[in-house]
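Colleague: I should like to go through the reasoning behind the labels used for this model. Please set each value against its criterion.

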Amino acid sequence: MRLVLALLSLLPVTVQAVTFSIPQVVDGAGWKTTLTVFVRSGRNARVDIQFFGNDGKPLTLPIVGRGPVSSVQANLGPFDSATFETEGTGATLLEGWAHVESDNEIGGVSVFRSRVPGQPDSEGAVPLTVTFRVPAITLTEAIESWPNAP
């Protein structure tokens, strides 16, 4: 069994998509969110970010330079990055979460900032939580694809 597991670990696996969850996004009532994503390889990447309210429905957020949107997209070059920031100017607090998907290896961080007049700003940062989607193969397919398999 150890031999089979060792052989499986040597098989090339192609990442079909990379998905991230951002557990919280906020905007308004003194809060704003800044989301930065970056490409971790020498290939281009398309990044799609969708915002959802705590009820699971699309959440429209005011994004600097884009206006009120429930999703943003970016086409990035190798080792490139993109930053999306909520305006943080509304009187009403909007809160929810985000789903990030890319066709290449990416990383990122989400920063939450509270700004209260007369007090220092308060910030917290959360790295994106990654889930890889890889093609499923059976043990038989893995053994048959191994070079010089009987």
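Colleague: What makes strand S2 and S7 a pair, and in which sense do they run?

Modeller: This is a predicted model, and in it strand S2 (residues 31-39) and S7 are joined over five bridges in the antiparallel sense. Pairing requires at least two bridges between two strands, so five bridges satisfy the criterion. Among the bridges, Phe-38 has Ser-81 as its partner in S7, and Leu-35 has Phe-84.

Colleague: Why are S7 and strand S10 said to stand at the edges?

Modeller: The open sheet has four strands in the order S7-S2-S9-S10, with antiparallel pairing. S7 and strand S10 (122-127) each have a single partner strand, so one side of each is left without a neighbour in the sheet. Neighbouring strands of this sheet are turned by 15° against each other on average, direction ignored.

Colleague: Which side chains of strand S7 point to one face and are buried, and which point to the other?

Modeller: Along residues 81-85 the side chains alternate. Ala-82 and Phe-84 point to one face and are buried, whereas Ser-81, Thr-83 and Glu-85 point to the other and are not buried.

Colleague: Why is Thr-33 called buried?

Modeller: The relative accessible area of Thr-33 is 4%. The term buried applies under 20%, so Thr-33 qualifies. This residue lies in strand S2. Not counting residues up to four places away in sequence, Thr-33 touches Val-25, Val-26, Phe-84, Glu-85, Thr-86, Ser-110, Val-111 and Phe-112.

Colleague: What makes the approach of the Thr-33 side chain to the backbone oxygen of Val-26 a polar contact?

Modeller: The side chain of Thr-33 reaches that backbone oxygen of Val-26 at 2.8 Å. The cut-off for a pair of N or O atoms is within 3.5 Å, so the distance of 2.8 Å meets the distance criterion.

Colleague: How do you know that Ile-49 is buried?

Modeller: Ile-49, in strand S3 (residues 45-53), has a relative accessible area of 1%. Since the limit is under 20%, Ile-49 is classed as buried.

Colleague: Which residues does Ile-49 touch, and how far apart are Ile-49 and Ser-71 in sequence and in space?

Modeller: Beyond residues up to four places away in sequence, Ile-49 touches Leu-35, Ser-70, Ser-71, Val-72, Phe-84, Ala-98, His-99 and Val-100. Ile-49 and Ser-71 are 22 residues apart in sequence and 5.4 Å apart in space, C-alpha to C-alpha.

How values were computed. Residues are numbered from 1 along each chain as its sequence is written. This is a predicted model: local features need pLDDT of at least 70, side-chain atom pairs count only at pLDDT 80 or more; totals for chains, interfaces and linings use all residues. Side-chain values use heavy atoms; hydrogens and water are left out. Buried means under 20% relative accessible area, exposed over 50%, partly exposed in between (1.4 Å probe, protein chains only). Helices (H or I, at least four residues) and strands (E, at least two) are DSSP runs, numbered from the N terminus. A polar contact is a pair of N or O atoms within 3.5 Å; within protein, one must be able to donate a hydrogen and the other to accept it, and residues adjacent in sequence count only if both atoms are side-chain atoms. Contact means heavy atoms within 4.5 Å. Axes are lines fitted to C-alpha atoms, for helices over the stretch in contact, and angles run from 0 to 180 degrees between N-to-C directions.
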